[in-house]
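Please open the model in a viewer and keep the sequence panel visible. The tour proceeds by selection, one region at a time.

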Amino acid sequence: MEVSLFLRTFAAVMLPVLHFYEFGEGVTAFSTTRRGGFSKDSYGEFNINRYCGDCEEAISRNRTLLCGVLGIDDKRLLMPHQVHETKIVAVDETSRESQLEGVDALITNVSGICIGVSTADCIPVLLYDKAHQVVSAIHAGWRGTVKRIAEKAVAQMTVVYGSRPADMIAQIGPGIHVESFEVGDEVYDAFTAAGFAMETISRRYGEKWHIDLPECNRQQLLATGIPEAQISVSPICTYQHPDLYFSARRLSINSGRIFTGIVMG
């Protein structure tokens with residue numbers, strides 16, 4: 001479902017450079033890059049996250065740019081304030097960003113609302129139920145991954161909207177990959193305790209363990225019943241490409257964030 005290494009740009013005016021994913025007609029899904037906005041220094045150029053220290057003027061101008069590309073009003077661009085937990089909220093016409101404190105995944109069946117999550121090494125996951133016209137955006141850092149937030153989001157879609165995993169398309173977006181994600185023993189132990197097959201999601205390089213977060217989330221999606229052919233994984237490691245994507249491990253937490261979003265209609 002990923003349009004591999006395809007960056008769509010917009011000439012003549014300053015607009016964000018986006019990495020698009022193919023979910024089918026009527027669905028726009030994407031990850032932002034660092035290019036094409038008004039933010040500066042470690043936030044430059046394109047950042048819309050209000051929780052990482054960037055100036056409000058740049059964020060507001062960047063949001064206006066993105067909303068222009070998507071053809072939506074600013075109040076219909078929704079990104080939660082994530083806390084590495086597993087709270088999932090169903091978004092409707094009345095939902096506002098101010099109501100999304102402490103939320104790490106969104107689901108909706110409303111056309112014209114762009115839901116998305118913010119990452120800078122964590123793993124973004126997008127879901128689309130083509131049969132029921134439902135989408136989801138999930139923030140899966142290592143803590144959320146251990147707590148199986150991707151599985152819980154699929155389950156929530158089935159409860160709220162009657163979705164079936166067999167009808168879902170999934171895209172795992174850009175994030176830190178196994179070669180770059182060095183962890184302490186306590187993180188390795190947390191995945192072990194959570195029942196992950198460590199031989200498939202971990203490697204040891206010298207003294208340190210490394211965890212494969214994209215694969216952890218892919219396995220969760222498979223476990224829900226989403227067919228393997230309907231799950232795509234981005235080849236982009238944010239740590240290895242800090243020139244184009246934000247990486248907190250490279251730039252510190254005082255830096256911009258990637259926005260990975262999806263909108264129907």
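The stops below cover a helix, the nonpolar cores and several salt bridges in this predicted model.

Begin by selecting helix 6, residues 213-224. At 1.5 Å a residue, its 12 residues should span 16 Å, and the end C-alpha atoms lie 17 Å apart, which agrees. At the start of the helix, display the side chain of Asp212: one of its oxygens comes within 3.1 Å of the backbone nitrogen of Glu215. Gly225 follows helix 6 and has a positive phi, near 110 degrees. The buried residues of the helix include Leu213, Cys216 and Leu221.

Next, keep Leu221 and add Leu127, Phe191 and Ile211; these four touch the most other members of the largest nonpolar core, which has 36 residues. Helix 3 (residues 149-161) contributes the most to this core, with 6 residues. A separate second core of 21 residues includes Ala29, Val91, Leu106 and Tyr128. Returning to Leu127, its contacts beyond four places in sequence include Phe23, Val154, Met157, Leu221 and Ile262.

Now turn to the charged side chains. The whole structure contains 11 salt bridges. Select Arg50 and Glu56, whose side chains meet in one of 2.9 Å, N to O. Both belong to a salt-bridge network that also links Arg63, Asp74 and Glu97.

Finally, select Glu179 and Arg203, a salt bridge whose closest N and O atoms are 3.5 Å apart. Glu179 sits in the loop between strand 10 (168-172) and strand 11 (182-183), while Arg203 is in strand 12 (residues 202-205), 24 residues apart. Glu179 is partly exposed at 47% relative accessibility, and Arg203 is partly exposed at 39%.

Note on methods. Residues numbered from 1 in each chain as written. Predicted model: local features only at pLDDT ≥ 70, side-chain atom pairs only at ≥ 80, totals over all residues. Heavy atoms only, no water. Helix = DSSP H or I, 4+ residues; strand = E, 2+ residues; numbered from the N terminus. Expected span 1.5 Å × (residues − 1). Buried < 20%, exposed > 50% of the residue type's maximum accessible area, 1.4 Å probe, protein only. Polar contact = N/O pair within 3.5 Å; in protein donor to acceptor, adjacent residues only side chain to side chain. Core = buried A, V, L, I, M, F, W, Y, C linked by side-chain atoms within 4.5 Å. Contact = heavy atoms within 4.5 Å. Salt bridge = Lys/Arg side-chain N within 4 Å of Asp/Glu carboxyl O.
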